[in-house]
Structure formats: structure tokens, C-alpha cells
Amino acid sequence: MVKGVSTCSDVVRKKDVAVCPTVVPHDTMILPTTTTVPDGRHVTISKATDRQISELYVLVQEAARHGDGFGADEFPTEAHFRSEMQDAKMLFVCEQDSGKTLAVLVIALSKFFRGQCVADPYIIVQADERRKGIGEFCFHTCVDYCKRLGFLGIYIDTFSNNLAMRRIVENTPGFRRVGILPMGGCLPDGSIVSSIVYHKDLRVPECQGQQEMNGDLDLNPDPPS
């Protein structure tokens, strides 16, 4: 995995080890919470239970089988998935009346930042719940939670063929496209897909971040399909 080189002005040093004191524990978030998704349904957002982590793994594997945001060999076993997700915050969005899972929000630590200060959020929306605005709702909720948790920024890498997710990110204020990973992951047919990398600095006011994003030249054209 390519590593990003960044500085963290808000990091303090203790015994020569950099720590980020602003990132708060999961249990300090106000969860569960209730809200409304764009189609008017009332939902509950809550921390994933052990059973739901297994449900999330099934959703990830299903997405991977369709080349939909996850590599075909990214998480070969549930044990491997749980190990990779042990420091992540996994939140389930469930319909309040039926308890049906509509989507899952995951806030992991970014591998592009050498530390604990930058988030790597992603979302999974149930196939029958797509095209209802739930993806945008979940992504904006993820960004809001990243701010509440004290992260200094967000890195996102998404497969170049994941047009729906790319549109959501690019339509969210403050995100800048900063690069391409030529080898992002392996699709079910064995082909390699590239990944687009986006960044948002959470220390920058929204209006300034939007101006910077609008003023950037895209020096990274889309890779050939």
C-alpha cells in the first residue's frame, strides 16, 4: 500500500511517540440515535453488534463478487476481515419499524497517513435500497462523525469503476481528487482496476475547502477502461 506523507500540526509528542489527542473513543459518540433518511423513513444508527459484524462481512463479500467497491481477494475470511476492522467504527443504519438493515457506515483509520489522525470512511448500501439518496445520506453522516470524533482529515480511495461512489464524493464539499493508484484491486474476472484517491482536510472551513476544490486543476485524467 502506498503511504502518504503528511504533517499533523495538532499532534503532540509524548516520549517521542506522536499521538493525536483529539480522536475520541467510540463509546463517547451519542449512539444509538434516530433520524430520517431522504425517502422519509425513520432509522436508527447504532454501533454494530457481533452478529452484525458477521452480517457486514457477508455484505462486503457480496459487493466483492460484483466488483462493487471491494477487491475479490481483499478479505478472504471473516477472521481476516475482523482483524482488519478491529480499530474501525462500524455503524448500522436500520429501519426503525422493521429493523431491516438499510446501510452500514464504516470509519477506519487511513493507511495513507502514518498515524491515528486521518479517517478512511466508506459505506455499503443494500442493493434494494440504492438510488433513494441513502448513499449520499450515509456518506455525509460519515463525514460529520469524522469531525465529531476529532479526525484531522479524510482519505478515500474508491475503484475507478465505482461511478456512484465517485459522484457522491465529488459532490460533497471540500473533497479534492489527489491521485490514482494504478493497481487498486482485483475484480472477480481477474482483471485489475485502478483506484481514485480523494482527500478532505477537516481543519479547513467548509467554504474555503470548497473554493480550493473548485480551483484545482485535475492533473490525473481517468485511467483507460
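**Exercise 1. How many salt bridges does a search of the whole structure find?**

Solution. The structure is a predicted model, and a search through the whole of it finds 14 salt bridges. As background to the count, side chains of opposite charge can pair when their charged atoms come close.

**Exercise 2. Find where R65 and E62 lie, and state whether each is buried, partly exposed or exposed.**

Solution. Begin with the contact itself: the side chains of R65 and E62 meet in a salt bridge, with 2.6 Å from N to O. Next, place the two residues, which both belong to helix α1 (residues 50-65) and stand three residues apart, about one turn of the helix. Finally, compare their accessibility with the cut-offs: R65 has a relative accessible area of 53%, which is over 50%, and therefore counts as exposed, whereas E62, at 36%, counts as partly exposed.

**Exercise 3. Work out which parts of the chain are linked by the pair K111 and E84.**

Solution. The side chains of K111 and E84 meet in a salt bridge of 3.1 Å, N to O. This pair links distant parts of the chain, since K111 sits in the loop between β6 (101-109) and β7 (118-125), while E84 is in helix α2 (residues 78-84), 27 residues apart. As for accessibility, K111 is partly exposed with a relative accessible area of 44%, and E84 is likewise partly exposed at 36%.

**Exercise 4. Decide whether K200 is buried or exposed, and find what its side chain reaches.**

Solution. First locate K200, which is in strand β10 (residues 192-201). Its relative accessibility is 3%, and because buried means under 20%, K200 counts as buried. The side chain of K200 then reaches the backbone oxygen of P173 at 2.9 Å.

**Exercise 5. Describe the order of the strands in the open sheet, name its edges, and place helix α1 against it.**

Solution. Eight strands form the open sheet, in the order β3-β4-β5-β6-β7-β8-β10-β9, and their pairing is mixed. The edges are β3 (33-36) and β9 (176-186), each of which pairs on one side only. On average, neighbouring strands of this sheet are turned by 25° against each other, direction ignored. At the β3 edge, four bridges join β3 to strand β4 (residues 42-47), and the two run antiparallel; T33 stands opposite I45 in β4. To finish, helix α1 lies across β4, β5 (89-95), β6 and β7, running at about 85° to β5.

Terms used. Residues numbered from 1 in each chain as written. Predicted model: local features only at pLDDT ≥ 70, side-chain atom pairs only at ≥ 80, totals over all residues. Heavy atoms only, no water. Salt bridge = Lys/Arg side-chain N within 4 Å of Asp/Glu carboxyl O. Buried < 20%, exposed > 50% of the residue type's maximum accessible area, 1.4 Å probe, protein only. Polar contact = N/O pair within 3.5 Å; in protein donor to acceptor, adjacent residues only side chain to side chain. Pairing = 2+ DSSP bridges. Axes fitted to C-alpha atoms, helices over the stretch in contact; angles between N-to-C directions. Contact = heavy atoms within 4.5 Å.
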